[in-house]
Amino acid sequence: MIRLIKRPEPSRVMVYLAPVIALVLTLLAGLLLFFLLGVPVGEALYAFFVEPISTRYGLAELGVKAAPLILIGAALSLGFRAQVWNIGAEGQLVAGAITGGAVALWFYEVEAWYVLPLMMLAGIAGGMAWASIPALLKTRFNASEILTSLMLTYIAGLLLSLLVHGALRDPDGFNFPESRLFHAAATLPIVLDGTRLHIGFPIAIMFVATLWILLSRTVLGFELQVMGAAPRAGRFAGFRESSVIWFCLLLGGGAAGLAGLFEVAGPIGQLIPVVSPGYGFTAIIVAFLGRLHPVGVLFAGLVMALSYLGGESAQITMNLPKAVTGVFQGLLLFFLLATDVLILYRFGWGRRSLAATHT
Amino acid sequence: MKSESPITASNSHEGTPLLDLRGMVKSYPGCLANDQVDLTLMPGQIHALLGENGAGKSTLVKMIYGVLRADQGDIEWQGAPVTINNPSVARGLGIAMVFQHFSLFESLTVSENIALGLGDSSGVNTDSLDEDIVTISARYGLPLDPERYVYTLSVGERQRIEIVRCLLQNPKLLIMDEPTSVLTPQEVDTLFKTLRQLSSEGVAILYISHKLDEIKALCHHATILRGGRVVGIANPATESASSLASMMIGQDVTPHRLPESAGFGPVSLACQSLTLPAADSFSVKLDDINLSVRAGEILGIAGVAGNGQDELINALSGEILLSSADMVQFKGQPVGRLMPGSRRQIGLCVVPEERLGHAAVPGMSLAENAFLTGAQRLSLSRVGFIRHRASRQFASRVIDAFQVQCRGSAAAADSLSGGNLQKFVVGREIMQKPEVLVVAQPTWGVDAGAAAAIHDALLGLAADGAAVIIVSQDLDELLGVCHSIMAICAGKTSDVFPAKHITMEEIGLLMGGAALDGLQATDGVVNGQESARKFGPEAPL
């Protein structure tokens, strides 16, 4: 019989090993899944995990998908450490896409250097504004930010849909629900020729480095961690709970808003009814897979980006359904949560051994 | 499995030990908690298990109660070898335990709590439970109303629930882990009466404590543990408290004497009609609290837990901001609306009662916990960045000065024993040289050696001109180190009395909310000056 035995203290090794075990288990479960579906297992796995990154273009695409995940995941992980549960990054992403995109369309006639920075600022501001609603509700009325931020996600989606069907619709677009295509001055510079890899990726990496320093070196990062680990000790030290909530939600909202702007000013190039394949939600998985550490988030973001690419590739080459992506992401989170048990517990085999022997 | 009655069962084994432990060994990674411990307990004996924190007392009783399993050693119960794998086996044998920390549900009634704690294997008939509770509590002088909700009960009454729960199972051996640490002297007397009655009926009692006076008064026999080994067996009645203490800590202890104060300086901290409404139904409102403490003075505030001490501490530290800044005055300056960091900056430091989760962040290192409150006064940060090296050095200085046993400044706070963490959090504030230090329960759960070190440090701080407030329910401690003493009861404070002229019984009355008629309050007594200093209900506003 297998039993779980509590460890005397949390295992440091398992903190890092658990995500790896979860990845392996996800792979095995995927294998089983493909086998049961009657799909050639080897080919399916190749199509899912290897083929997408076997070319230079594929690698660049990995960066394109990873940039928003890393950007949002790193910001969310800080909030999660402080026990601020911003689940609505997807909505903040859409809000940033709307405000940033609106600036691009407002300056449609202007081809100047300042358009893109202005769009970025607008994207950040939009995401922050959207995140400030749950922050206000939380600090004023103690409303759960989990619920409010999540519900606001759907409102943001509908707002974007409303705008591209109406005010921001392309006047020459035959009534398609799309905005005009952004001009060159309003689209992101490409960092790797012949690919779609834009400056969002290096910016995401710089963001990770900044947050790493923030977390490990600054009083503010300390404050966030204390507030998450022991709120009473934080109040005793003199930290304000409300300012921590505001900071975490604004940081997450700003990062998500910027990621949303990167999507519309990068790969998409215009406003359309759906601007994100769920980056804001996947970033939650990324944050936990990366152990709520900025550097871990960097790697986790790449892994999850691969799941998007793999899903597309499996659709094209194997005729597998699009849902495979979601299944793999869900499996990964599921196994990750399950393997986290191993940080506090270890397996014991057989029946309880009687310790009081030596007679 | 259960025998009929503890009385007949123990009498029929006259001469045979009830419990005989031989060669008990229990090791944890990196530490030998029990090393070849022997212990013999006769029926009806009140046996003290004496030792400092970390001496292995808890480990030993947990093995008896089946919570832990021994690595080696034999347990004989009434002459027959037994293996106690889990608490239900222990209960089946007739072993019951009252833990130091109660496990009660506040929102349930007394009888519901008892029913929950009994479980299925206890053999107690739950239908007649209410009657049984009333019968048992009347028989042993433990008045308890089965219908009362636990949140309405005092700590002493809550302890009675745990004791009654044990007695319902007709135990032959009752283990009590530091039972008096939360009781007033009057409640302690009641408890001792109950325990003596149980003993006369043949129930053996294993009594864990480090309060030597109690052990001398109550126990027939004492086993002294140090570092996991038995270092002495004594008859407490014939030993002196200091000889027991020196056996316990392995060196002679000299009880410290309060230095004769040459007079105090100006008032450092004052509360003026400090009033604070209750935050929720579980907290206590503070009602017009007036007090002042002068430079060099140590003021003790006695009280049974849950009478507003936490609220007062939070109001003084700045965790709760008051409606008017004048309610707390630091050297005449209103600070009642300053944040904790700003109060520390000007020299008002606080040690809250709860070590883990309040005074320290459990999972963080001692260096980070040193930064937690040292940041302002010791400038441990620069333009928003933490000075990690300076924080580590500060933590190391505290560790050295207070002889904190740990793996250095990188050790996590929750890896320290309670006593060592207490030394660290008290030391952390003292080493910041505050002008006013407010300490809650400075030696709660701390062994005699560490307690003496903490008391010396507090006395030294006061001698250097700081004002100190000690909030404690340990009256020996208050009488030992304080110049003046007051009590808090239901959010109201009593008059202030000079420690020299007040007895333990009188403090007990104050803690119960009574006023003392015969005794002159401090006004003008401590120093023969400051006759304007008036406290309590008649304080001028």
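**Why the labels apply**

Mentor: In the contact between the two chains, chain B takes part with 35 residues and chain A with 28 residues; contact means heavy atoms within 4.5 Å. This is a predicted model, in which local features need pLDDT of at least 70 and side-chain atom pairs count only at pLDDT 80 or more, while totals for chains, interfaces and linings use all residues. Residues are numbered from 1 along each chain as its sequence is written, chains are lettered from A and ligands numbered from 1 in the order in which they are written, and side-chain values use heavy atoms, with hydrogens and water left out.

Trainee: What area is buried between chain B and chain A?

Mentor: About 2500 Å², and carbon and sulfur atoms give 63% of that. Buried area is the accessible area (1.4 Å probe) that two parts lose on being put together, summed over both. B:Arg69, B:Met339 and B:Leu372 supply 19% of what chain B buries against chain A, more than any other three residues.

Trainee: How many salt bridges does the rule find across the interface of chain B and chain A?

Mentor: Zero. The rule asks for a side-chain nitrogen of Lys or Arg within 4 Å of a carboxyl oxygen of Asp or Glu. Over all chains, a search of the whole structure finds 16 salt bridges.

Trainee: What makes B:Arg229 and B:Asp35 a salt bridge?

Mentor: Their side chains meet at 3.0 Å, N to O. The limit is the one just given, so the pair qualifies. B:Arg229 lies in strand E10 (residues 229-234) of chain B and B:Asp35 in strand E2 of chain B, 194 residues apart. Helices (H or I, at least four residues) and strands (E, at least two) are DSSP runs, numbered from the N terminus.

Trainee: Why is B:Asp35 called buried, and why is B:Arg229 called partly exposed?

Mentor: Buried means under 20% relative accessible area, exposed over 50%, and partly exposed in between (1.4 Å probe, protein chains only). B:Asp35 has 15% relative accessibility, so it counts as buried. B:Arg229 has 46%, so it counts as partly exposed.

Trainee: What makes B:Glu162 and B:Arg165 about one helical turn apart?

Mentor: They are three residues apart in helix H6 of chain B, which means a separation of about one helical turn. They also form a salt bridge, with the closest N and O atoms 3.4 Å apart. B:Glu162 is buried at 4% relative accessible area, and B:Arg165 is buried at 10%.

Trainee: How do you know that strand E7 of chain B is largely enclosed?

Mentor: Five of the five residues of E7(B), residues 173-177, are buried, so the rest of the structure largely encloses the strand. In a regular strand the side chains alternate between the two faces of the sheet. In E7(B), B:Leu173, B:Ile175 and B:Asp177 are buried on one side, and B:Leu174 and B:Met176 are buried on the other.

Trainee: What makes strand E6 of chain B and E7(B) a pair?

Mentor: Two strands pair if DSSP finds at least two bridges between them. E6(B), residues 95-98, and E7(B) have four bridges in the parallel sense, so they pass. One of the partnerships is B:Val98 with B:Met176. E7(B) also pairs with strand E8 (residues 204-209) of chain B, in the parallel sense over five bridges, and B:Asp177 stands opposite B:Ile208 there.

Trainee: Buried or exposed: which applies to B:Lys57?

Mentor: Buried, because B:Lys57 has 5% relative accessibility. B:Lys57 is in helix H2 (residues 57-64) of chain B. Beyond four places away in sequence, B:Lys57 touches several residues, among them B:Glu178, B:Ile208 and B:His210.

Trainee: Why is A:Val64 called buried?

Mentor: A:Val64 has a relative accessible area of 2%, so it is buried. The residue sits in helix H3 (residues 56-81) of chain A. Its C-alpha atom is 5.4 Å from that of A:Leu197, although the two are 133 residues apart along the chain.

Trainee: Which residues make the nonpolar surface patch?

Mentor: A:Ile2, A:Leu4, A:Val341, A:Leu344, A:Tyr345, A:Phe347 and A:Trp349 make the patch, of about 690 Å². Patches are made of residues with over 30% relative accessible area and no salt bridge: like charges are joined within 9 Å, nonpolar side chains (Val, Leu, Ile, Met, Phe, Trp, Tyr) within 5 Å. A:Phe347, at 42%, is partly exposed. Strand E2 of chain A gives the largest share of the patch, three residues.

How values were computed: Areas by Shrake-Rupley, 256 points an atom, 1.4 Å probe, with all protein chains shown as cover.
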